[in-house]
Amino acid sequence: MKDGNKDSYHVEGGVGIISSNVMVEGPIIKDKASFMLSGRTTYMDLFMVPLMKLVTDGTSAGYYFYDLNGKFNFNLGKKDKLYLSAY
């Protein structure tokens with residue numbers, strides 16, 4: 001997982017045919033601490049549920065996911081760093 005930008009805030013994102021994602025990063029304390037948060041999700045289920053109901057006898061299948069990631073970085077000294085990450 002990449003480190004957050006310690007100098008300035010940035011937002012990136014993307015929208016695709018079956019999924020979308022977003023990432024936000026920036027400094028908490030300039031040149032000392034930063035964060036990075038990201039998430040992604042799919043909306044393929046919006047297309048597949050009606051199709052599955054047509055193909056099968058009314059049953060549907062779940063085609064869906066999402067996830068969130070976060071990372072915080074702290075420079076404690078020249079050689080010491082503290083990372084906290086979550087998925």
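**Exercise 1.** List the residues that glutamate 25 is in contact with, leaving aside its neighbours within four places in sequence, and classify glutamate 25 as buried or exposed.

*Solution.* Contact means heavy atoms within 4.5 Å. Under that rule, and without the neighbours within four places in sequence, glutamate 25 touches Lys2, Asp3, Gly4, Asn5, Ser8, Tyr9, His10, Phe35 and Met36. The model is a predicted one, in which local features need pLDDT of at least 70, side-chain atom pairs count only at pLDDT 80 or more, and totals for chains, interfaces and linings use all residues. Residues are numbered from 1 along each chain as its sequence is written, and side-chain values use heavy atoms, with hydrogens and water left out.

Next, locate the residue: glutamate 25 is in strand S2 (residues 19-29); strands are DSSP runs of E with at least two residues, numbered from the N terminus. Its relative accessibility is 5%, so glutamate 25 counts as buried (buried is under 20% relative accessible area, exposed over 50%, partly exposed in between, with a 1.4 Å probe and protein chains only).

Finally, look for a polar partner: a polar atom of the glutamate 25 side chain lies 3.1 Å from the backbone nitrogen of asparagine 5.

**Exercise 2.** Find the aromatic pair of the structure and state its geometry.

*Solution.* Searching the whole structure gives one aromatic pair. The ring centres of tyrosine 9 and phenylalanine 35 are 6.3 Å apart and the planes meet at 50°, so the pair is tilted (centres must lie within 6.5 Å; planes under 30 degrees apart are stacked, over 60 edge-to-face, the rest tilted). Tyrosine 9 belongs to the segment before strand S1 (10-15) and phenylalanine 35 to strand S3 (residues 33-42), so the pair ties together parts that are 26 residues apart in sequence. Tyrosine 9 is exposed at 57% relative accessibility, whereas phenylalanine 35 is buried at 14%.

**Exercise 3.** Describe the surroundings of tyrosine 87.

*Solution.* Start with position: tyrosine 87 is in the segment after strand S5 (81-86). With a relative accessible area of 72%, tyrosine 87 is exposed. Apart from neighbours within four places in sequence, tyrosine 87 is in contact with Asp67, Leu68 and Asn69. With aspartate 67 there is a side-chain to side-chain polar contact of 3.3 Å (a pair of N or O atoms within 3.5 Å; within protein, one must be able to donate a hydrogen and the other to accept it, and residues adjacent in sequence count only if both atoms are side-chain atoms). Serine 38 is 49 residues from tyrosine 87 in sequence, and their C-alpha atoms are 9.6 Å apart.

How values were computed:
Helices (H or I, at least four residues) and strands (E, at least two) are DSSP runs, numbered from the N terminus. Rings of Phe, Tyr and Trp (its six-membered ring) pair if their centres lie within 6.5 Å; planes under 30 degrees apart count as stacked, over 60 as edge-to-face and the rest as tilted.
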